[in-house]
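Biologist: I have a chain on screen and a few questions about its side chains. Can you take me through it?

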Amino acid sequence: MSIDADTEIARDKTLTSAVIESLAAKFSKRREQKDADLRTVDRIAVELRQQARKGTERALNALKGPLKDLGEPEIHLVSGGPELKNAHWYKFEVIKSGESSGKYINFGEAHYFIKATTKVETQRLVFVVSLHHVGRELTGVMEATAFARLESFEEPNDKEYVSQQFFPCALEPFVFTWKSKAIEIAASFDRWLDAALAVALQEYGNRL
């Protein structure tokens, strides 16, 4: 009787364990699917990164006319992201530029950015648009922030700057989610980018 009872208990435990394992697998699969859905926001970030690059390049090229008496601006653009192995750039600056929003910036998820520089004589402007996840957990919510750095050099051909000034360029971050559609937010993102660029270029112009 004792052996039969032990066998019956062992069988019951096996059935219970099987049910628990099945439920665990079900919920895990559901969570994985949900996380995959939330991470589709990365696709929107990639499209906005390209939009930001084009808009910024267009604005910097427009500077060539007004600055022709000072010299030919040196313009360079760099894209950033996990696929480019440089997603770790500007973490400190991104956190600093996003302090006003009070949101947690989640670098455990993908981080994208564009960096644009223009230099005339001894003054260089570094302008960055960052696209990053917010929230301690994966939320499917990302935001764009913009900041700039003014760098001064002793001589035009120097490689190391002697002073720098950091400043945020956007009063509010541009927020988008995994449910956003890039085509529907393109115009509002352009307006946000234009305002951020205006701040950066005004500060740069004051320095020249």
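**Salt bridges and rings**

Modeller: Let me start with one residue: at 1% relative accessibility, E151 counts as buried. Keep in mind that this is a predicted model.

Biologist: Which side chain meets E151 in a salt bridge?

Modeller: Look from strand β4, where E151 sits, to strand β3 (residues 123-134). The residue there is 27 residues apart from E151. It counts as partly exposed, at 24% relative accessibility. The N to O distance is 2.6 Å, and the partner is R124.

Biologist: Which residues are linked with E151 and R124 in a network of salt bridges?

Modeller: Side chains of opposite charge can pair when their charged atoms come close. Here the network takes in E151 and R124. The other members are E93 and R149.

Biologist: E143 is also in strand β4. Is E143 buried or exposed?

Modeller: The cut-off for buried is under 20% relative accessible area. E143 has 1% relative accessibility, so E143 counts as buried.

Biologist: Which side chain meets E143 in a salt bridge?

Modeller: The partner lies in the loop between α3 (91-97) and β2, 40 residues apart from E143. It is partly exposed, at 35% relative accessibility. The N to O distance is 3.4 Å, and the residue is K103.

Biologist: R39 and E109 meet in a salt bridge too. How many residues apart are they?

Modeller: R39 is in the loop between α1 (2-38) and α2 (41-62). E109 is in strand β2 (residues 105-120). R39 is partly exposed at 36% relative accessible area, whereas E109 is buried at 16%. The pair links distant parts of the chain, and the separation is 70 residues.

Biologist: How many salt bridges does the count come to?

Modeller: The R39 and E109 side chains meet at 2.8 Å, N to O. A salt bridge requires a nitrogen to oxygen distance within 4 Å. By this rule the count is six.

Biologist: Now the rings. How many aromatic pairs are there?

Modeller: Ring centres must lie within 6.5 Å to pair. By this rule the count comes to ten.

Biologist: What kind of pair do F153 and Y161 make?

Modeller: Their ring centres are 6.3 Å apart. F153 is buried at 5% relative accessible area, and Y161 is partly exposed at 32%. Planes over 60 degrees apart count as edge-to-face. The F153 and Y161 planes are at 90°, so the pair is edge-to-face.

Biologist: And what kind of pair do F174 and W192 make?

Modeller: F174 is in strand β6 (residues 174-177) and W192 in helix α4 (residues 182-207), 18 residues apart. F174 counts as buried at 10% relative accessibility, and W192 counts as buried at 12%. The ring centres are 6.2 Å apart with planes at 50°, so the pair is tilted.

Biologist: Which residue lies over the face of F153?

Modeller: F153 is buried, with a relative accessible area of 5%. The residue over its face lies at 4.0 Å from the ring centre, and that residue is K119.

Biologist: Last, the whole chain. What share of the 208 residues is buried?

Modeller: The chain has four helices and six strands. From the N terminus, they run α-α-β-α-β-β-β-β-β-α. Among contacts between residues at least 6 apart in sequence, 68% join residues at least 24 apart. The buried share of the 208 residues is 41%.

Definitions and conventions. Residues numbered from 1 in each chain as written. Predicted model: local features only at pLDDT ≥ 70, side-chain atom pairs only at ≥ 80, totals over all residues. Heavy atoms only, no water. Helix = DSSP H or I, 4+ residues; strand = E, 2+ residues; numbered from the N terminus. Buried < 20%, exposed > 50% of the residue type's maximum accessible area, 1.4 Å probe, protein only. Contact = heavy atoms within 4.5 Å. Phe/Tyr/Trp six-rings, centres within 6.5 Å; stacked < 30°, edge-to-face > 60°. Lys NZ or Arg CZ within 6 Å of the ring centre and 35° of its normal.
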